[in-house]
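Trainee: I would like to learn how to read strand pairing, burial, contacts, pockets and backbone angles from a model. Where should we begin?

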Amino acid sequence: TFLGGSHNEIVKAIEMGYGYRNSNLAINLNAYYTIWQNKPQKGYAVVEGESVEYRIPGMNALHQGLELDFAYKISDAFTYEFISSFGDWRWTSEGEYYLYEDQVIIDTAFFNAKGIPVGDAPQTQIGSSLAYYYPLSKKIDGYIKIKGMYYDRFFADFDPSDAEGVEMWQMPAYTLFNLHLGNTFYFEKSSISLRLNVLNLFNKKYISDAKNNDDRAITNNNQNSDAASAGVFIGLGRRFMASIEYKF
């Protein structure tokens, strides 16, 4: 825990769920209400035109939402899957934070982040996949699966020095597709599986993270909580991952 924290991080959660299964269909519905307490945070803030490190000993947040997923076996060869998550995650804290230079506290300040959306991950996610399973012979199985995920309500991280009353910039929504292929070869007492995964199949350009009113992006002191004043990280492009698994 950062300097100033007196308690360990605490998570209080209530979850309710429902599941249904038969030979062709599996459905899961889940609702959650989670209180995070004393989560330490750190980053860089702009103070009198200078970027300095800040540390917040502990912050509280409320995460609540719904999750729904299901898988439907269309036939012996085809399976369709759906996954979704709809969240409302917000900070609920205000208090002191510490400013550092060369690991030494140089000042303290006050922040108010109550009601500000939590960043780090999209709060809305909706996706589907379609898988095709094909036996090449009695000793060789294969599959091909394509999966698409839509991401939205992804908010930039805040700067505690200008958090109060500020609308966090919401990054543009985006959709990513992945392709998965594999073959398994069966022997008398063992098997070998070959897999190839193509992530971000269509080489989509997207923003994977951002900071609201980043001092490295702001010009003429315009802190407008928009794309022009945010510091962003661009997501990874198309990439390939291969693996071999041997079981005996």
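**Reading the strands, the pocket and the backbone**

Mentor: Begin with one bridge: threonine 184 stands opposite serine 193 in strand 12. The model is a predicted one, and every value we discuss is computed from it.

Trainee: In which sense do strand 11 and strand 12 pair, and over how many bridges?

Mentor: Strand 11 and strand 12 are antiparallel, with 8 bridges in the pairing. Their connection is a hairpin of 4 residues. On strand 11 (residues 174-186) there is also an antiparallel pairing with strand 8 (residues 140-152), over 12 bridges. One position to look at there is isoleucine 140, which has phenylalanine 185 of strand 11 opposite.

Trainee: Which strands pair with strand 4?

Mentor: Strand 3 pairs with strand 4 in the antiparallel sense over 13 bridges, and the two form a hairpin with 4 residues between them. Strand 7 (residues 124-137) is also antiparallel to strand 4, joined by 9 bridges. Phenylalanine 82 lets you follow both pairings: this residue of strand 4 is the bridge partner of phenylalanine 70, and phenylalanine 82 also stands opposite serine 128 in strand 7.

Trainee: What should I keep in mind about side chains when I look along a strand?

Mentor: In a regular strand, side chains alternate between the two faces of the sheet. For a case to examine, take tyrosine 80, which is in strand 4 (residues 78-91).

Trainee: Why does tyrosine 80 count as partly exposed?

Mentor: The class follows from relative accessibility, with under 20% called buried, over 50% exposed, and partly exposed in between. Tyrosine 80 has 27%, so it is partly exposed.

Trainee: Which residues is tyrosine 80 in contact with, leaving aside neighbours within four places in sequence?

Mentor: The contacts are Phe70, Ala71, Tyr72, Ile74, Ser128, Ser129 and Leu130. With serine 128 there is a side-chain polar contact of 2.7 Å.

Trainee: How do I compare separation in sequence with separation in space?

Mentor: Put two pairs side by side. Tyrosine 80 and leucine 25 are 55 residues apart in sequence, with 9.7 Å between their C-alpha atoms. Threonine 108 and tyrosine 80 are 28 residues apart along the chain, and their C-alpha atoms are separated by 54 Å.

Trainee: Where is threonine 108, and what does it touch?

Mentor: Threonine 108 is in strand 6 (residues 104-112). Not counting residues up to four places away in sequence, threonine 108 touches Glu96, Tyr97 and Tyr98. Its relative accessibility is 33%, so threonine 108 is partly exposed.

Trainee: Which polar contacts involve buried residues?

Mentor: Asparagine 197 and serine 229 are two cases to read. Asparagine 197 is in strand 12 (residues 191-199) and counts as buried because its relative accessibility is 19%. The side chains of asparagine 197 and histidine 180 make a polar contact of 2.7 Å. Beyond residues up to four places away in sequence, asparagine 197 touches Leu179, His180, Arg239, Phe240 and Met241.

Serine 229 is in the loop between strand 13 and strand 14. With 1% relative accessibility, serine 229 counts as buried. A polar contact of 2.9 Å joins its side chain to that of aspartate 226.

Trainee: How is a pocket found?

Mentor: Rolling a probe the size of a water molecule over the atoms shows where empty space is left. In this model the largest pocket holds about 380 Å³ of space. The pocket is lined by 22 residues, and Lys42, Gly43, Tyr54, Asp157 and Lys211 are the closest to its centre. Strand 2 (25-47), strand 3 (50-73), strand 13 (207-211) and strand 14 (231-234) each give two or more residues to the lining. The largest share, 4 residues, comes from strand 2.

Trainee: How many lining residues of the largest pocket are nonpolar, polar and charged?

Mentor: The lining has 9 nonpolar, 5 polar and 8 charged residues.

Trainee: What should I look for in the backbone angles?

Mentor: Most residues other than glycine have a negative phi. Asparagine 38 has a positive phi, near 60°. Asparagine 38 is in strand 2 and, at 14% relative accessibility, is buried. Glutamine 103 also has a positive phi, of about 65°. Glutamine 103 lies in the loop between strand 5 (94-101) and strand 6, and its 57% relative accessibility makes it exposed.

Definitions and conventions:
Residues are numbered from 1 along each chain as its sequence is written. This is a predicted model: local features need pLDDT of at least 70, side-chain atom pairs count only at pLDDT 80 or more; totals for chains, interfaces and linings use all residues. Side-chain values use heavy atoms; hydrogens and water are left out. Buried means under 20% relative accessible area, exposed over 50%, partly exposed in between (1.4 Å probe, protein chains only). Contact means heavy atoms within 4.5 Å. A polar contact is a pair of N or O atoms within 3.5 Å; within protein, one must be able to donate a hydrogen and the other to accept it, and residues adjacent in sequence count only if both atoms are side-chain atoms. On a 1 Å grid over the protein atoms alone, a cavity is a set of points where a 1.4 Å probe fits but cannot get out, and a pocket is an open set with protein on both sides within 12 Å along at least five of seven lines; lining residues have an atom within 4 Å of a point. Grid points are joined across faces, edges and corners, and a volume is the space filled by probe spheres set on the points. Ala, Val, Leu, Ile, Met, Phe, Trp, Tyr, Cys and Pro count as nonpolar, Asp, Glu, Lys and Arg as charged, and the others, Gly among them, as polar. Two strands pair if DSSP finds at least two bridges between them.
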